[in-house]
Number of protein chains: 2
Amino acid sequence: MANILQANCMMCRMRSDIFNTLNESELHRVDDCRVSIKYHQGEIIFKQGSPCHDFVCVTSGLVKLYLEGEGDRRIIIGFARPVDYIFVPGAFSDKRHHFTAVACEESTACLVEVDIIQDLLKTNQEFASSFMTKVSEQAIQLFDQLTSFTQKQMPGRMAEVLICLSQKIYQSNPFITSLSRQDIADMSGMTKESAIRIMKTFKDDGLILAEGNSIEILDFAKLETISRNG
Amino acid sequence: MANILQANCMMCRMRSDIFNTLNESELHRVDDCRVSIKYHQGEIIFKQGSPCHDFVCVTSGLVKLYLEGEGDRRIIIGFARPVDYIFVPGAFSDKRHHFTAVACEESTACLVEVDIIQDLLKTNQEFASSFMTKVSEQAIQLFDQLTSFTQKQMPGRMAEVLICLSQKIYQSNPFITSLSRQDIADMSGMTKESAIRIMKTFKDDGLILAEGNSIEILDFAKLETISRNG
DNA sequence: TAATAGTGATGATCTATGTCATTCAAAAAC
DNA sequence: GTTTTTGAATGACATAGATCATCACTATTA
């Protein structure tokens, strides 16, 4: 909601679309309790299990959202980029975070008290409606991830992840990523070693080009076939 | 919302809690377009991919909800029992069903046009709020399932499923189930053969007693340990 | 400059789990 | 009463993918 140029929600061009449904006075209420915070790479924005006080909207950088399992195992369930707000289901049930959010690179976010947002959801039905849409889309994405993780095998999952990175997250090809191989593994539900191995076979087959942080997809069509066939 | 005794929403004692937030006239609106339908075992209530016209509330029986993957593979993501309504995320995005609902046994359900429900969500904020809570809880459950499927191995997943069946779905021990071994496998993310094998080891170890449709948990504590340790 | 740590890469195992084939029992159909 | 069908059970086998160990390369710190 805030960026370097605009220090308030009303004029902010970085703000999430859902705020367009708010009127001037509602925006003022949000702005009054808004805090903009800068995070360094690797810093935790909020942690799974902790109480959720704030509604988070990412205004710059890239934030990864992951589930923490037993023994350091992680599953990345999504990312938040400018200008995404992070839907926290715990805000409506047990007031706890159910996943962890970490800055993948230098990032800024605006924090707003959840109470304010929940009040707005009650008084502004258009706002509530766009919120419901967002929540629903996230649920649908989770369905896809569950299906993919349990029914596809590694090459299919990796192909899916690479396409997602290029098309949705970075929207460029080639793309420079701040994600480690471990992160890519966490996105595709496998160990780091397996991720590296699969990427190597893709490289050997001329499907991609991967050199450190730079990844380029050479054969989109074939990758999509692999992704579809599991 | 309707049962044998009460043929309208206003007097219905079977109706879902969320309808308690509606006033008389709102309930009348729901009742006016309500249709109560009886399903036989195995019948599809709605199918993944099809357009979603109706909001479904289960009034008797048991309904399984599953994702359909490639090649007949299924993942059961939950059940609806009296009196649960089924949250359909597609209703708020692409107007398509993203999972399939099938009656596990003789079941009845009330169908209400989604438009009516969406109108109510806009005009009655208390109704919307209880709806949001429900949606959030479902998302959290999906997180747990994703973690379990990718990080636990078969005995852990099976233990989890058996405890869930006894405590949440049937709320009795022993319990008689209308679910097949395939269904139990679909709940725990494994093949039917593996499910049968794991259940056999549980039987041999004296943790459960399984005889056809009847399942009894003998050692809850140990099952929970297995479930936790993956 | 050396030392330490973090990440990427790769090979050698090991095992959890899927696949396939078969048997058996019970129920349903004829 | 026999035949057919359906679901449960079990064994043999194959393999995807985890685990473990090692090594190379940077980047940071002493």
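Trainee: Which atoms of A:Arg197 and DNA strand C pair up, and how far apart are they?

Mentor: In this predicted model, a polar side-chain atom of A:Arg197 lies 3.0 Å from a base nitrogen of DNA strand C. Compare that with chain B, where a polar side-chain atom of B:Glu193 lies 3.3 Å from a base nitrogen of the strand.

Trainee: Which part of DNA strand C does A:Arg181 reach?

Mentor: A polar backbone atom of A:Arg181 is 3.1 Å from a phosphate oxygen of DNA strand C. Here the protein partner is a backbone atom, whereas A:Arg197 uses a side-chain atom.

Trainee: Which residues come nearest to DNA strand C?

Mentor: There are 15 residues around the strand, and those that come nearest are A:Arg181, A:Arg197, A:Lys200, B:Gln153 and B:Ser194. As for the DNA side, sugar and phosphate make up 66% of the strand C atoms that come within 4 Å of the protein.

Trainee: Which helices supply the surface near DNA strand C, and which gives the largest share?

Mentor: At least two residues each come from α6 (192-204) of chain A and from α4 (154-169) and α6 (192-204) of chain B. The largest share, 4 residues, belongs to α6(A). By class, this surface has 7 charged, 5 polar and 3 nonpolar residues.

Trainee: Now the two protein chains. How much area do chain B and chain A bury between them?

Mentor: The size of an interface is often given as the accessible area lost when the parts come together. For chain B and chain A the figure is about 3,100 Å², with 76% of it on carbon and sulfur atoms. In residues, 35 from chain B are in contact with 34 from chain A.

Trainee: How many salt bridges and polar contacts are counted between chain B and chain A?

Mentor: The count of salt bridges is 0. Polar contact is found for 8 residue pairs, both residues being at pLDDT 80 or more.

Trainee: Which elements build the chain B side?

Mentor: β5 (74-80) and α3 (125-151) of chain B are the elements that give two or more residues to the side touching chain A. The largest share comes from α3(B), with 18 residues. The chain B side as a whole divides into 16 nonpolar, 12 polar and 7 charged residues.

Trainee: How is chain A divided into domains?

Mentor: Chain A has domain 1 (17-148) and domain 2 (152-229). Their C-alpha centres lie 26 Å apart. The contact takes 13 residues from domain 1 and 12 residues from domain 2.

Trainee: How much area is buried between these domains of chain A, and which domain 1 residues lose the most?

Mentor: The buried area is about 1,100 Å², and carbon and sulfur atoms give 49% of it. On the domain 1 side, A:Phe79, A:Arg81 and A:Ser148 lose the most area to domain 2, together 44% of what that side buries.

Trainee: Which residues form the salt bridge between the domains?

Mentor: The count there is 1 salt bridge. A:Lys64 pairs with A:Asp183, their closest N and O atoms being 2.7 Å apart. Polar contacts between the domains number 6 residue pairs, both residues at pLDDT 80 or more.

Trainee: Which elements form the domain 1 side of that contact?

Mentor: β5 (74-80) and α3 (125-151) of chain A each supply at least two residues. β5(A) gives the largest share, 4 residues. The residues on this side divide into 5 nonpolar, 4 polar and 4 charged.

Terms used: Residues are numbered from 1 along each chain as its sequence is written. Chains are lettered from A and ligands numbered from 1 in the order in which they are written. This is a predicted model: local features need pLDDT of at least 70, side-chain atom pairs count only at pLDDT 80 or more; totals for chains, interfaces and linings use all residues. Side-chain values use heavy atoms; hydrogens and water are left out. Domain bounds come from an automatic or database domain assignment. Contact means heavy atoms within 4.5 Å. Buried area is the accessible area (1.4 Å probe) that two parts lose on being put together, summed over both. A salt bridge is a side-chain nitrogen of Lys or Arg within 4 Å of a carboxyl oxygen of Asp or Glu. A polar contact is a pair of N or O atoms within 3.5 Å; within protein, one must be able to donate a hydrogen and the other to accept it, and residues adjacent in sequence count only if both atoms are side-chain atoms. Ala, Val, Leu, Ile, Met, Phe, Trp, Tyr, Cys and Pro count as nonpolar, Asp, Glu, Lys and Arg as charged, and the others, Gly among them, as polar. A residue is near a molecule or strand if one of its heavy atoms lies within 4 Å of it.
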